[in-house]
Amino acid sequence: MKPLRIGLIGYGFMGRTHSNAFSQVNNFFDLQHRPVLKAICARDAGKAKAFAAKWGYESIETDWRRLIERDDIDVIDVAAPNNVHAEIAIAAAKAGKAILCEKPLALNGPEAEKMVAAVTKAKVPNMVWYNYRRVPAITFAKQLIDEGRLGRIFHYRAKFLQDWTINADLPQGGAGLWRLDVKVAGSGVTGDLLAHCIDTALWLNGTIDTVTATTETFIKQRKHALTGKMEKVGIDDASLFLARFSNGSLATFESTRYARGHKALNTFEINGENGSLAWDLHDLHRLQVFDYKDEGNVRGWKSVHITDGEHPYMKNWWVPGLQIGYAETFVHQVADFIKGLETGKMASPTFKDGLATDYVTDSVLKSAKTGRWEKVKKVK
Ligand SMILES: NC(=O)c1ccc[n+]([C@@H]2O[C@H](COP(=O)([O-])OP(=O)(O)OC[C@H]3O[C@@H](n4cnc5c(N)ncnc54)[C@H](O)[C@@H]3O)[C@@H](O)[C@H]2O)c1
């Protein structure tokens, strides 16, 4: 088995999910490459060493530039906040590294365009960690839609609701709270939570032509954790938009961090002339299916347990009826990335797919300012 030497940047939430996936992938998927945890990079040497010891990284770096210079690294994995994705990925592409980058790809479309240009010029493998595509129930939904089982699509409906920023005393900025600092995050829930919903929607239902949006920042000022001063809050706390897809269907998207009681209510529903599908992260191993072709007297919504060997990815896990969860979506993504390297057919979502989502979020934020319907730029 050939080694695939990983250099990870960032040891937070995503640093852990990625490390877990690199370690597990060969236990469940037959591949010709084995990820080798070569180096973890983070600015705090002590914390990086502790992470390396816990997760099995061979070495540490405290500057991502040093990591990229190393010739014993094949893949740069960017699991740091949004404001550093572009600089790191562009440098990694120039150094000829394969790149895995967390979402959203960049702070905005123009920045993401530069990342796409860099990986295209360098011809390096690239992927964005929109991991929900690898929830077996969502992959299965994609298969059913592509088979034409729903017929003409009329509606798409997505939500991603949380409640963790309601407290006005919560500071913005710094470790853990960078998502509230617009300079680091780029935007609020639009680029953070809705980006996931948009990536899934574009994958399942094709491109979006136009959007009209409204956003709100409920808490206007927060203390900045790094400066200690009260500062204006620049992120959107809630974001709602309507969209018209190129296939003629209409959509609603809603996201907020102010839906008391919801930790991560991520859902979608899609309605076609012959059937509908619905999914909910809280029950991620189930797909709700309505098939109008079923016999009339037994027609109704079915809750399909996506745990059979015939379902996407599931034959690689346990026996039918036993479910998997969130962490495994990252294992699937690593497996598909490696298969892409081995077959020469790059797995999606690529940086170009990440750019498509950034174009939608740009138009959503623009529409929230102008109050008008805005066109969504298409990826060339
Ligand atoms: N795919 C998903 O479902 C998902 C979920 C959460 C976060 N994310 C994305 O993953 C990225 C990281 O989010 P997180 O939740 O892991 O954040 P986190 O705050 O838990 O971790 C961020 C890590 O990056 C490190 N870091 C920050 N600046 C750095 C720099 N200049 N050089 C090196 N390391 C640096 C921090 O020390 C920390 O270890 C973000 O882009 C976020 O949007 C994706």
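In which sense, left-handed or right-handed, does helix 4 pass helix 5? The crossing is left-handed, and this pair makes a good place to start a walk through the structure, which is a predicted model.

Two packed helices are described by the angle between their axes and the distance between the axes. For helix 4 (residues 85-94) and helix 5 (residues 109-122), the angle is about 10 degrees and the axes are 8 Å apart. Angles under 35 degrees count as roughly parallel, and helix 4 and helix 5 are therefore roughly parallel to each other. On the helix 4 side, the contact is made by Ala86, Ala89, Ile90, Ala93 and Lys94. Facing them from helix 5 are Glu111, Lys114, Met115, Ala118, Val119 and Ala122. Sorted by class, the residues of this contact between helix 4 and helix 5 come out as eight nonpolar, three charged and no polar.

Let's step back to the whole chain. The protein is divided into domain 1, covering 2-131, and domain 2, covering 134-325 + 332-375. Their centres, taken over C-alpha atoms, are separated by 23 Å. Across the boundary, 33 residues of domain 1 are in contact with 35 residues of domain 2. Which elements of domain 1 each supply at least two residues of the side that touches domain 2? They are helix 1, strand 2 (33-41), helix 5 and strand 6 (126-128). Helix 5, which we have just met beside helix 4, gives the most to this side of domain 1, with six residues. The class count for the side of domain 1 that touches domain 2 is 23 nonpolar, eight polar and two charged residues.

Now for the ligand. Where does the ligand lie with respect to domain 1 and domain 2? Both domains give residues to the shell around the ligand, so it lies between them. That shell holds 23 residues, and the closest are Gly10, Gly12, Phe13, Met14 and Glu102. Helix 1 (residues 13-28) gives the most to the shell, with three residues. Taken by class, the residues around the ligand are 13 nonpolar, six polar and four charged.

Helix 1 has a helical partner too. Helix 1 and helix 9 (residues 326-343) pack with their axes 8 Å apart, at an angle of about 65 degrees. That makes helix 1 roughly perpendicular to helix 9, and helix 1 passes helix 9 in a right-handed crossing. Helix 1 brings Thr17, His18, Asn20, Ala21, Phe22, Gln24, Val25 and Phe28 to this contact. Helix 9 answers with Ala327, Phe330, Val331, Gln333, Val334 and Ala335. Here the contact of helix 1 with helix 9 has nine nonpolar and five polar residues, and no charged ones.

One further helix pair is worth a visit. Helix 8 (residues 189-205) packs with helix 10 (residues 351-370) at an angle of about 125 degrees, and their axes are 9 Å apart. Helix 8 and helix 10 are therefore oblique to each other, and their crossing is right-handed. Thr190, Gly191, Leu194, Ala195, Ile198, Asp199 and Leu202 line up on the helix 8 side of the contact. They meet Ala356, Thr357, Val360, Thr361, Val364 and Leu365 in helix 10. The contact of helix 8 with helix 10 divides into eight nonpolar, four polar and one charged residue.

To finish, let's look at the backbone. Most residues other than glycine have a negative phi, and most peptide bonds are trans. Where does the chain depart from this picture? The peptide bond from Lys103 to Pro104 is cis, with omega near -15 degrees. Pro104 sits in the loop between strand 5 (98-101) and helix 5. Ser348 and Pro349 are also joined by a cis peptide bond, where omega is about -5 degrees. Pro349 belongs to the loop between helix 9 and helix 10, and those two helices have already appeared in the contacts with helix 1 and helix 8. Finally, Lys123 is not a glycine, yet its phi is positive, at about 55 degrees. Lys123 is found in the loop between helix 5 and strand 6, two of the elements that supply residues to the side of domain 1 touching domain 2.

How values were computed
Residues numbered from 1 in each chain as written. Predicted model: local features only at pLDDT ≥ 70, side-chain atom pairs only at ≥ 80, totals over all residues. Axes fitted to C-alpha atoms, helices over the stretch in contact; angles between N-to-C directions. Helix = DSSP H or I, 4+ residues; strand = E, 2+ residues; numbered from the N terminus. Parallel < 35°, antiparallel > 145°, perpendicular 65-115°, else oblique. Left-handed = near helix turned anticlockwise from the far one by under 90°. Contact = placed C-beta atoms within 7 Å. Nonpolar A, V, L, I, M, F, W, Y, C, P; charged D, E, K, R; others polar. Near = placed C-beta within 6 Å. Domains from an automatic or database assignment.
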